[in-house]
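I opened a new notebook page today and took a slow look through one structure. Here is what I looked up, in the order I did it.

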Amino acid sequence: MRYIPTIDVDRAKLRTTLTYRFTPSLTLGVEYNPFADEIGPLANWRALDETETRPALILGTSSDRIGTPHGRSYYATFSKNLEEEIGLPLAPYAGAAYGTFDDRLRPIGGVNVRWSEEISSTHLYDGQKVHHLLHYTFGGRHTIGLLLVDHRDVGISYSIGFDF
């Protein structure tokens with residue numbers, strides 16, 4: 001769940017998701033944005049695993065960029081954990097996302113920084129704006145986050161994972 005009370009787009013104020021990991025590389029689910037009365041599919045597939053010399057290839061879909069009133073996004077990204085290579089806990093990614101809101105293909109990218117076992121941050125460019133997320137994981141399955149959307153709107157997120 002993600003809540004951004006001050007953002008000026010109803011769809012982005014509250015986002016809830018439910019996903020299931022069918023395989024280690026495939027996650028499917030549903031997204032519900034109650035203030036926009038919108039339901040949409042979620043999919044994330046790691047088509048290629050990361051190796052020592054090759055980045056992972058991730059394909060997926062979700063709602064369009066934060067701040068758009070409607071639309072879907074279809075994306076492909078390459079990501080690589082560089083900690084072994086550079087000695088810093090950085091995992092950058094880069095790719096492209098096609099958004100149906102403005103019918104446009106955009107470059108996307110960012111970096112995840114693992115500050116400790118419990119704390120990480122993600123700094124991302126969605127093809128138009130930059131956003132920052134700070135996450136704290138506890139109890140092995142709970143994650144709470146603080147978001148800074150477009151350097152102005154502050155939000156919170158919470159997720160819980162279950163093992164079946």
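The entries below go from the strands to the cores and then to the charged pairs.

**Entry 1: the strands.** I kept in mind from the start that this is a predicted model. I began with the overall layout. I found 12 strands closing into a barrel, with antiparallel pairing. The order was easy to write down, as it runs from β1 through to β12.

**Entry 2: one strand pair.** I picked β8 and β9 for a second look. Strand β8 covers residues 104-114 and strand β9 covers residues 119-125. I noted six bridges between these two antiparallel strands. Across this pair, G110 stands opposite L124 of β9.

**Entry 3: the nonpolar cores.** L124 turned up again when I searched for cores. It belongs to the largest nonpolar core, which has eight residues. The other members are I4, I7, V9, A12, L133, L147 and V149. I then asked myself which residues I7 is in contact with, leaving aside its neighbours within four places in sequence. My list reads A12, K13, I66, G67, V149 and D153. I also found a second, separate core of five residues, with A56, I58, Y75 and A97 among them.

**Entry 4: counting salt bridges.** Next came the charges. Side chains of opposite charge can pair when their charged atoms come close. My count came to 11 salt bridges.

**Entry 5: E31 and R15.** I looked at this salt bridge and noted 2.9 Å between the closest N and O atoms. What does the pair tie together? E31 sits in strand β3 (residues 26-33) and R15 in strand β2 (residues 14-23), so the salt bridge ties together parts that are 16 residues apart in sequence. Are these two residues buried or exposed? I found both E31 and R15 buried.

**Entry 6: two mixed pairs.** E85 forms a salt bridge with K80, and their closest N and O atoms are 3.2 Å apart. I noted E85 as partly exposed, with a relative accessible area of 44%, while K80 is buried at 13%. R106 forms a salt bridge with D102, with 2.3 Å between the closest N and O atoms. Here R106 is the buried partner, with a relative accessible area of 8%, and D102 is partly exposed at 26%.

**Entry 7: a network.** I ended with a group rather than a pair. Salt bridges link K129, D150, R152 and D153 in a network. I had met D153 before, on the contact list of I7.

Definitions and conventions
Residues numbered from 1 in each chain as written. Predicted model: local features only at pLDDT ≥ 70, side-chain atom pairs only at ≥ 80, totals over all residues. Heavy atoms only, no water. Core = buried A, V, L, I, M, F, W, Y, C linked by side-chain atoms within 4.5 Å. Buried < 20%, exposed > 50% of the residue type's maximum accessible area, 1.4 Å probe, protein only. Contact = heavy atoms within 4.5 Å. Salt bridge = Lys/Arg side-chain N within 4 Å of Asp/Glu carboxyl O. Helix = DSSP H or I, 4+ residues; strand = E, 2+ residues; numbered from the N terminus. Pairing = 2+ DSSP bridges.
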